[in-house]
Amino acid sequence: MNSPPTHLMELPRKILIGGGVVSEVGSLVRSLDASATEVAIITGAVVKARAGRECDSSLEKALLKSSWYVVSDASMDTVTRLQNKIADKELDFVIGFGGGRSVDVAKMTAFKIGKPFLSVPTSASHDGISSPFVSVRGTDKPHSVKANTPIGVVADTRLMSRAPPRLLAGGCGDLVAKITAVKDWELGRDEKGEYFGSYAANLAYMSAKIILDESEKLKHKSQFSIRTIVEALISAGVAACIAGSSRPCSGAEHLFSHAVEYVAGPSYGLHGERVGLGTIMMAKLHGLDWEKIAATLEKVGAPTKAKQIGLTDEHVVKALTSAQSLRPDRYTILSKIKLDEKSAHRLAKSTRVI
Ligand SMILES: NC(=O)C1=CN([C@@H]2O[C@H](COP(=O)(O)OP(=O)(O)OC[C@H]3O[C@@H](n4cnc5c(N)ncnc54)[C@H](OP(=O)(O)O)[C@@H]3O)[C@@H](O)[C@H]2O)C=CC1
Ligand SMILES: O=C(CO)COP(=O)(O)O
Ligand SMILES: [Zn+2]
């Protein structure tokens with residue numbers, strides 16, 4: 001048997017979580033680097049208007065100079081523009097403050113200019129908040145690529161509780177996905193001899209299981225529910241750090257989501273919403289209890305039907321039949337069970353996704 005691959009595991013050093021912790025961003029930066037003087041903050045317009053002042057005053061209190069940049073898309077063009085703007089600054093940190101888009105753009109910009117990255121997510125919508133992976137448009141890949149792990153994470157559950165509820169439900173979709181993602185990884189091990197990290201796989205699986213076990217409580221969207229969901233997302237991101245790839249977190253259900261973006265466009269549903277739909281269908285292909293997954297998603301307010309996010313039957317069938325070709329090197333259930341239009345339609349129909 002081959003020895004496992006070599007990779008450098010980088011994990012976040014400090015994770016601050018709780019209601020109102022956005023007012024401690026400055027002190028966390030200080031605690032990570034006592035001599036820091038200047039930071040760049042990459043954010044979105046809505047988040048800046050809602051919580052920019054609180055974050056800014058925490059930086060001022062910690063005697064940190066800050067420059068703010070507002071982004072409205074997650075593309076390599078935006079990353080390059082930012083890189084040019086901040087290249088001549090003496091920055092100690094780049095901070096991503098906002099939803100997945102802002103966090104990703106900041107993570108990629110920090111990676112490009114070789115500066116430490118601090119993740120300050122304001123929505124509990126996916127596991128990129130603590131992982132080294134970024135999904136930006138304009139790379140040659142439809143899936144995430146590796147940058148650097150955030151050196152710290154500041155997760156303000158109060159700010160998250162004020163985000164649109166869809167984002168939190170999307171986070172649950174990204175979490176239940178780990179059930180099929182881990183199954184796909186096992187398949188890669190069993191059928192292709194791929195390296196399988198049991199620890200990372202178990203960690204990712206656990207973050208899905210908590211959503212399945214506690215969906216009744218989670219539907220109330222209290223600060224406690226948000227805390228559970230964020231911890232599970234952070235933990236899934238850490239599983240990806242340990243695995244050295246997004247393998248424990250992303251399988252055929254993510255391929256379906258990437259394919260939806262490809263065939264229908266990026267504006268159909270949130271990442272976690274699309275992934276949740278994919279999980280229902282891939283669970284059926286794996287012979288798992290897909291009805292339980294659908295019931296869980298429904299309970300937490302995530303879509304279980306394609307039309308809820310504006311997708312037509314044709315979009316779904318096309319995405320199912322093209323998904324695996326977007327990442328041929330990632331062996332999944334769709335490599336083993338090849339879907340044609342007829343079987344894809346049957347799968348989507350039988351799981352009530354269409
Ligand atoms: N790195 C990775 O591994 C992964 C990355 N992604 C990427 O993440 C992005 C999707 O992230 P997602 O968070 O779902 O969506 P967005 O980042 O697009 O955020 C959606 C909206 O919610 C707003 N928002 C965020 N937080 C709050 C808040 N507290 N209060 C009010 N409004 C808020 C944002 O405002 P504003 O206008 O201020 O931004 C934005 O308008 C995609 O680009 C996707 O590709 C997805 C999965 C994994
Ligand atoms: O969304 C992700 C993990 O939840 C990243 O997955 P991909 O590597 O498939 O883009
Ligand atoms: Zn995901």
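# Exercises on two domains and two ligands

Of the 25 residues around ligand 1, those that come nearest are G100, R101, T122, S125 and F133, where a residue is near a molecule if one of its heavy atoms lies within 4 Å of it. This is a predicted model, in which local features need pLDDT of at least 70 and side-chain atom pairs count only at pLDDT 80 or more, while totals for chains, interfaces and linings use all residues. Residues are numbered from 1 along each chain as its sequence is written, chains are lettered from A and ligands numbered from 1 in the order in which they are written, and side-chain values use heavy atoms, with hydrogens and water left out.

## Exercise 1

Task: Find polar side-chain partners of ligand 1 among T122, H126 and R137, and give the distance for T122, for H126 and for R137.

Solution: Begin with T122, whose side chain has an N or O atom 2.8 Å from a nitrogen atom of ligand 1. A polar contact is a pair of N or O atoms within 3.5 Å; within protein, one must be able to donate a hydrogen and the other to accept it, and residues adjacent in sequence count only if both atoms are side-chain atoms. Continue with H126, where an N or O atom of the side chain is 3.1 Å from an oxygen atom of ligand 1, and then with R137, which has a polar side-chain atom 3.1 Å from an oxygen atom of ligand 1.

## Exercise 2

Task: Describe how domain 1 and domain 2 meet.

Solution: First locate the parts, domain 1 at 14-161 and domain 2 at 165-350, with bounds that come from an automatic or database domain assignment. Taken over C-alpha atoms, their centres are separated by 26 Å. The contact, meaning heavy atoms within 4.5 Å, takes 26 residues from domain 1 and 28 residues from domain 2.

Next consider the area buried between the two domains, which is about 2100 Å², with carbon and sulfur atoms giving 67% of it; buried area is the accessible area (1.4 Å probe) that two parts lose on being put together, summed over both. In domain 1, the residues that lose the most area to domain 2 are A124, D127 and H143, together 25% of what that side buries.

Finally, look at the pairs across the interface of domain 1 and domain 2, where there are 2 salt bridges and 6 residue pairs in polar contact, both residues at pLDDT 80 or more.

## Exercise 3

Task: Give the closest N and O distance in the salt bridge of D127 with K178 and in that of R158 with E54.

Solution: A salt bridge is a side-chain nitrogen of Lys or Arg within 4 Å of a carboxyl oxygen of Asp or Glu, and the count by this rule comes to 18. For D127 and K178 the closest N and O atoms are 2.6 Å apart, whereas for R158 and E54 they are 3.7 Å apart. Because R158 lies in helix α5 and E54 in helix α2 (residues 45-61), this pair ties together parts that are 104 residues apart in sequence; helices (H or I, at least four residues) are DSSP runs, numbered from the N terminus.

## Exercise 4

Task: Name residues that surround ligand 2, and give the distances for S144, S250 and H258.

Solution: The surroundings of ligand 2 include D127, H143, S144, K178, S250 and H258. The side chain of S144 has an N or O atom 2.6 Å from an oxygen atom of ligand 2, and the side chain of S250 has an N or O atom 2.6 Å from an oxygen atom of ligand 2. For H258, a polar side-chain atom lies 2.8 Å from an oxygen atom of ligand 2.

Note on methods. Helix = DSSP H or I, 4+ residues; strand = E, 2+ residues; numbered from the N terminus.
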